[in-house]
Amino acid sequence: MTTPSADQVRRVALVTLGCARNEVDSEELAGRLEADGWLLVDDAAEADAVVVNTCGFVEQAKKDSVDTLLEAADLKGTARPQAVVAVGCLAERYGDQLAESLPEADAVLGFDDYADIGERLRRIVQGEPHVPHAPRDRRLLLPVTPVERTAAAVSLPGHAQVDEPDLPEGVAPASGPRVVRRRLGDGPSSPLKLASGCDRRCAFCAIPSFRGSFVSRRPSDVIDESRWLASQGVRELVLVSENSTSYGKDLGDLRLLETLLPELAAIEGIDWVRVSYLQPAETRPSLLQAIASTPGVVPYFDLSFQHSSPTVLRRMRRFGGTESFLELLASARALVPSAGARSNVIVGFPGETEEDVEELERFLVAARLDAVGVFGYSDEDGTEAATYDGKVDDDVVRARVERITALVEELTAQRAEDRIGEQVQVLVEAIGDGAVEGRSAHQAPEVDGLTFLEDGDVALDDLRVGDLVDAVVVASDGVDLVARAVRVDRR
């Protein structure tokens, strides 16, 4: 077989937008493309094809995705790129509609195209037209009964399995069928997908319609991929899904996550396991206990409250309220007083009153959360809430976002200040210009702030990316911490 010349090798650049679940999907695409002979490059200007893994969650995310596609399209004709291709949630959600409205993109590929992504791109680069899919509700592609879903032949990004024994070095190895994945970064932390889809019917959320019903990955697949990630230098696994509290229900064991966590934490090289995306209404005492007490699992509770007014929550098709949420947080902190807790809230939901906003404020003051994302409500295509009356005026929504954001910034800064004097463990992520930055156990990647280390019993010059450093918090700045290095745990 003739080896292609450097000019003949097809180059591809992957641009990832959105959440950590999209990062996993991009790394699956990277693994598939590399296995098919494509050369991965970082610079879009040096690629034959630019693949943009889009986000389609809210309006701003959609706009960012379209802007990124347009920026990539601007490179055509002035540099190497011959094709710009949209994949991901926006592409899956809108399919042929997106292709028609955005002719600058050479193709729009859906999740069902992922299995043959290399050949799809090859044809697109050669100028062959691609017929985009018509959007459909992916919940209808899977059986209604959860236990029957794992056997269904439906494309699930991040669940890829192949039988070929000869994958390139760096693509996840194992004997027999294995996950295909190529890391696109080299940091000490990596997301790991537990499941895809969601069975909940929150009135504001369109994700289940294009991600489908809830499907858990098999524990053996999760463990095999975790071992591979450890071999790639990963020290922290961040477990992601649309709803991690549902993990295992379609495998016959709703408490499967509680038994999986110790196995993941015991993998050689893995020091931290972090669970993300917990649904408060499904967060059972045994899961709280497992997260709080399993060695190697960080005491971190990412709880999707969305609001605290019972009236607003019922209109959202959710459960709970201020009192039950505070009880849940109290239960977690009774197990680990220093546990981290974060959430997201939506303001301006149809029918929200001034009294509802005041109830949310009361909750936030009492909750002492480490980080809170604040979002203004906007109608999403195909959701129940888009049909509701009682829409809040846009100006009022913006004012409420500003009001709650200001409160959250004050409260989370105070929570960080409360940690002064606390002993923390810090995962070092970046070193440069005399600064060493990382994250404490209560800080998830990219969303919860940073911890900056200063000289102590351990000199900063002695630290490396990937080190775990025992430290004492000496100051705070907003949600960020400053901590004095005491001891280093180096792999």
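These questions and answers cover the fold of a predicted model.

Residues are numbered from 1 along each chain as its sequence is written. Local features need pLDDT of at least 70 and side-chain atom pairs 80 or more, while totals for chains, interfaces and linings use all residues, and side-chain values use heavy atoms, without hydrogens or water.

Student: How many helices and strands does the protein chain have?
Tutor: Both are DSSP runs, numbered from the N terminus: helices are H or I, at least four residues, and strands are E, at least two. The count is 12 helices and 18 strands.

Student: Why is the protein chain as compact as a globular protein of its length?
Tutor: The radius of gyration is taken over C-alpha atoms, and the globule rule is 2.2 Å times the number of residues to the power 0.38. For 491 residues the rule gives 23 Å, so the chain matches a globular protein, its own radius of gyration being 23 Å.

Student: In what order do the five strands of the open sheet lie?
Tutor: Strands pair if DSSP finds at least two bridges between them. The pairing here is parallel. Strand 2 (39-40) and strand 5 (107-108) are the edges, each pairing on one side only. The order is 2-1-3-4-5.

Student: Which residue in strand 3 stands opposite L14?
Tutor: Strand 1 (residues 11-16) and strand 3 (residues 49-54) run parallel, joined by five bridges. Opposite L14 stands V51.

Student: What share of the residues in the protein chain is buried?
Tutor: Buried means under 20% relative accessible area, exposed over 50%, partly exposed in between, with a 1.4 Å probe and protein chains only. Of the 491 residues, the buried share is 52%.
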